[in-house]
Amino acid sequence: MPASRGKFITFEGIDGAGKSTHVATVVDLLRARGLDVVSTREPGGTPLGEKLREWLLREAMHPETEALLMFAARREHLAQIIEPALARGAWVVCDRFSDATYAYQGGGRGLDKAKCLSLEDWVHGRLQPDLTFLFDLPPALACARIAKEGRELDKFEQERADFHARVRQAYLERAASAPHRIRVVKAGRDIEDVKKIVEETLVTHCLSKN
Ligand code: TYD
């Protein structure tokens, strides 16, 4: 039996905020400390979740269908991966979680927040991340970063600037409502500076007692 439940760390931000780079940094840092780390993502993280991801990132659908499928993938992810890992004392590092549904389906698509709340309550009741990094930057800058990569864009990345502005706003409102959990990291600065802030936050918030 592990001495305690592992920690649950999530990464959020508008598309192009650069979070994926920092997921890798955190995973490396935790593993270097000898911790058992599960690195995963949403939507996805399980065979069924990855199939749902394909639909969610490609197919047009009603905003409520989109939110329901996000939470369906999440339920499977929690049951198969997240909950067992935390129970055995592993740390879970997840690229996006329910804050993304509030931001994209709530803020971006205009889905009633109360509906997100009831789905969240149903799917993961009292389980919340211990720490969430929210990478924040102006949508125009994020859009320029994505354009530079020169790859094919998914359904969300193809949305107009006002969609991304609403997603950003919803993320910031969520951060203001949960300041103990969500750390806003200004992501427009130099990548090495952002990395340093991420490492320091992780150490103070989660590792100081380990
Ligand atoms: P993303 O995490 O940006 O993956 P990659 O780094 O491979 O591009 O892509 C996932 C997309 O799914 C992103 O645009 C946000 C969206 N999304 C939602 O709309 N709602 C959700 O609940 C989640 C988890 C993601």
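## E42 and its partners

In this predicted model, E42 turns up in the loop between β2 (37–41) and α2. Is E42 buried or exposed? Its relative accessibility is 5%, and buried means under 20%, so E42 counts as buried.

The E42 side chain has polar company. One polar contact, at 2.6 Å, links it to the side chain of R74. Another, at 2.8 Å, runs from the E42 side chain to the side chain of H77.

## Polar atoms at the ligand

R74 shows up again at the ligand: an N or O atom in the R74 side chain is 3.1 Å from a ligand oxygen. R53 also places a polar side-chain atom 3.1 Å from an oxygen atom of the ligand. For D15, the distance between a polar side-chain atom and a ligand oxygen is 2.9 Å.

How much of the ligand's accessible area does the protein cover? On its own the ligand has 560 Å² of accessible area, and the protein covers 87% of that.

## The shell and the pocket

As for where all this happens, the ligand sits in the largest pocket. There are 16 residues around the ligand, and those that come nearest are D15, R96, T101, Y104 and Q105. Sorted by class, the shell holds seven charged, six nonpolar and three polar residues.

Which helices each supply at least two residues of that shell? They are α1 (19–32), α2 (47–58), α3 (63–87) and α4 (98–108). The largest share comes from α4, with four residues.

Definitions and conventions: Residues are numbered from 1 along each chain as its sequence is written. This is a predicted model: local features need pLDDT of at least 70, side-chain atom pairs count only at pLDDT 80 or more; totals for chains, interfaces and linings use all residues. Side-chain values use heavy atoms; hydrogens and water are left out. A residue is near a molecule or strand if one of its heavy atoms lies within 4 Å of it. A polar contact is a pair of N or O atoms within 3.5 Å; within protein, one must be able to donate a hydrogen and the other to accept it, and residues adjacent in sequence count only if both atoms are side-chain atoms. Accessible areas come from the Shrake-Rupley method with a 1.4 Å probe; for residues, only the protein chains shown count as cover. On a 1 Å grid over the protein atoms alone, a cavity is a set of points where a 1.4 Å probe fits but cannot get out, and a pocket is an open set with protein on both sides within 12 Å along at least five of seven lines; lining residues have an atom within 4 Å of a point. A molecule sits in a cavity or pocket if more than half of its atoms lie within 2 Å of its grid points. Ala, Val, Leu, Ile, Met, Phe, Trp, Tyr, Cys and Pro count as nonpolar, Asp, Glu, Lys and Arg as charged, and the others, Gly among them, as polar. Buried means under 20% relative accessible area, exposed over 50%, partly exposed in between (1.4 Å probe, protein chains only).
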